[in-house]
Amino acid sequence: MSRARADEEEYWHSSKFRAFTFDDEDDELSQLKESKRAVNSLRDIVDDDDDDLERVSWSGEPVGSISWSIKETASGSTGSLEGRDSSLQKGSSSYAAFPKQASSYSLSSLFKGEDHHIPYGQMSFPSESLTDTGVKNYAPELRRPKAEYKDYSNDWSPKDTVRRMQRGKVCSLERFRSLQDKLVLLDEAVAGHDGNVITAVLIFLKRTLRREILFRELEVRQVALCHLIHFLRETGEQKFLLDLLRFLDRTEEVALSQYREHLNIQDVEKRREFLKGCIGLPFSSEDTSHIQDHFTLLERQIIIEANDRHLEMAGQSEIFRKYPRKASILNMPLVTTLFYSCFYHYTEAEGTFSSPTNLKKTFKIPDKQYVLTALAARAKLRAWNDVDVLLTTKNWLGYTKKKAPIGFHRVVEILQRNSAPVQVLQEYVRLVEDVETRLNLATKYKCHDVVIETYRDLKDRIQLTAYKCKVERGSAEEEKINSILNNTVRIAY
């Protein structure tokens, strides 16, 4: 026993640092007082240029170094507070030396996220003497209770991680390194039915997995796959999206995604060439015809725009002088192009590209759409004769009659919005077949003759008498009503 003790004493006394021994002549209180005096004289130590002074711990590592912080953090998560208190009491001599400039971080700042920058010249211990109780009061402040800093733990399962993300808490996904853990995390996110969490996990997988592996796993997870496709479209990651669709063998979606790129091309000639190249992509038969029509329409618009700009600048056309163009026709939809053509080129022959009938024939525009667009364009110009010709048809016997594929009630509304005269309105209100609709329109737009004639045909003396109060006294409409009311043969009581 004595030899072992002698060896131990020789080991401790030969060490670089002086450790605690039970044979010290000074008692523990004197050690603490000596530490207090050392702290109070810290200003003189800081001003000293001696670089050999180091603050050390029991492990021999300089306090404040990276390795010391890691070891202290690890030991703090497993050790109890009582153990740390006792070690502080027994190792009080470690406070005897202080560095010239200590680290501005402490264990409490590691867990609290605090950064106290206090000059050492302003540091001092409380005036009362340091005792065992004083040391115990300071030691628990070195770290928080485990329950308070468990949010910083990295030991969360995929299910717990997803739940925390759903509550809006920050979680590091880097700890999920294996493919199996990442897939379990994705499955838990999908099971949680939270689109934001699913997208966040997919962004993590997209960044940490090879494309072929990610695509293969998403192929059997349709919900996650749909989220990723939508995310890629929203963020404009076109190349990644095309690679994914090609892997899934979705040729039509690949073609549509490539076709959508024309929206980003501003130069009209480059867009025309791009659309020409899109015609050969593997679209469905219906989509192929749409792409072809788009290319043809843009070609027509380029030709029309060049000719009309020349006419407008030269001042050779009355329609352009009276109604200057407000915008270019380039890249406009088909209906807008048809309206433009009906407005500026209505009387042109069918053989010209800007002719409305040529557009109707080339793009197979239905009669209802054509009549509605042409009626709006000609009514805006107050060309009532053109409106009459547009709505007049001739049968195989040579008889003519008015016909409106959109319904005469729509015709009346369009004409009234463009300030058509009452005589024009009355002509088309009379053609409305439904009696109640006809009366409502005639009353609303003050087509008195239509109202009077309708009540006369209905032989409704009461309504006709009531309507007499709505017309001006001494007007032609009042005389017409009196004439009908006095004719007892045609109006029954």
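This report walks through a predicted model of one protein chain, from its overall make-up to selected residues.

**Overall make-up**

The protein chain has 493 residues, and 34% of them are buried. Its secondary structure comes to 27 helices and 2 strands. The accessible surface is about 31000 Å². Carbon and sulfur atoms account for 51% of that surface. Contacts also say something about the fold. Among contacts between residues at least 6 apart in sequence, 52% join residues at least 24 apart.

**The nonpolar cores**

Which residues touch the most other members of the largest nonpolar core? They are Leu375, Val411, Leu415 and Tyr428, out of 52 residues in that core. Helix H20, residues 367–380, gives the largest share of this core, with 6 residues. Another core lies apart from it and has 30 residues. Met165, Leu173, Val201 and Leu241 are among the members of that other core.

Now take a closer look at valine 411. Set aside its neighbours within four places in sequence. Valine 411 is then in contact with Leu375, Leu391, Ala404, Ile406 and Tyr428. Two of these names, Leu375 and Tyr428, appeared above among the residues that touch the most other core members.

**A helix with two sides**

Helix H27 spans residues 476–486. Which of its residues are buried? Glu478, Ile481, Ile484 and Leu485 are. Seen down the helix axis, the buried residues of H27 fall within an arc of 125 degrees, so they line one face of the helix. On the other side of H27, Ala476, Glu479 and Asn486 are exposed. The cover over the buried residues of H27 includes helix H25 (448–458) and helix H26 (461–468).

**Salt bridges**

The structure holds 25 salt bridges. Three of the pairs are listed here.

| Pair | Closest N and O atoms |
|---|---|
| Arginine 246 and aspartate 243 | 3.6 Å |
| Glutamate 273 and arginine 272 | 2.9 Å |
| Glutamate 350 and lysine 361 | 3.8 Å |

Arginine 246 and aspartate 243 both lie in helix H13, residues 238–247. They are 3 residues apart, about one turn of the helix. An α-helix has 3.6 residues a turn, so residues three or four places apart point the same way. Arginine 246 counts as partly exposed, because its relative accessibility is 46%. Aspartate 243 is also partly exposed, at 22%.

Is arginine 272 buried or exposed? Arginine 272 counts as buried, because its relative accessibility is 18% and the cut-off is under 20%. Its partner, glutamate 273, is partly exposed at 43%.

Glutamate 350 and lysine 361 form a salt bridge too. This pair links distant parts of the chain, 11 residues apart. Glutamate 350 sits in the loop between helix H18 (334–344) and helix H19 (356–362), while lysine 361 sits in helix H19. Glutamate 350 is partly exposed, with 41% relative accessibility. Lysine 361 is exposed, with a relative accessible area of 62%.

Some charged residues join into a network. Asp187, Arg216, Glu217 and Arg221 are linked by salt bridges in this way.

**At the surface**

Trp396, Leu397 and Tyr399 form a nonpolar patch on the surface. Together they have about 480 Å² of accessible area. Where is tyrosine 399 placed? Tyrosine 399 lies in the loop between strand S1 (392–394) and strand S2 (400–402). Tyrosine 399 counts as exposed because its relative accessible area is 57%, and the cut-off for exposed is over 50%.

Glutamine 423 is also exposed, with a relative accessible area of 60%. Glutamine 423 lies in helix H23, residues 422–429. Cysteine 447 is 24 residues away from glutamine 423 along the chain, yet their C-alpha atoms are separated by 8.3 Å.

**Two lysines with positive phi**

Most residues other than glycine have a negative phi. Lysine 364 has a positive phi of about 55 degrees, although it is not a glycine. Lysine 364 lies in the loop between H19 and H20. Lysine 364 is exposed, with a relative accessible area of 69%. Lysine 459 also has a positive phi, near 55 degrees. Lysine 459 lies in the loop between H25 and H26. Those two helices were met earlier, in the cover over the buried residues of H27.

Technical notes
Residues numbered from 1 in each chain as written. Predicted model: local features only at pLDDT ≥ 70, side-chain atom pairs only at ≥ 80, totals over all residues. Heavy atoms only, no water. Helix = DSSP H or I, 4+ residues; strand = E, 2+ residues; numbered from the N terminus. Buried < 20%, exposed > 50% of the residue type's maximum accessible area, 1.4 Å probe, protein only. Core = buried A, V, L, I, M, F, W, Y, C linked by side-chain atoms within 4.5 Å. Contact = heavy atoms within 4.5 Å. Salt bridge = Lys/Arg side-chain N within 4 Å of Asp/Glu carboxyl O. Arc of directions from axis to C-beta. Patch = residues over 30% accessible without salt bridge, like charges linked within 9 Å, V, L, I, M, F, W, Y side chains within 5 Å. Areas by Shrake-Rupley, 256 points an atom, 1.4 Å probe, with all protein chains shown as cover.
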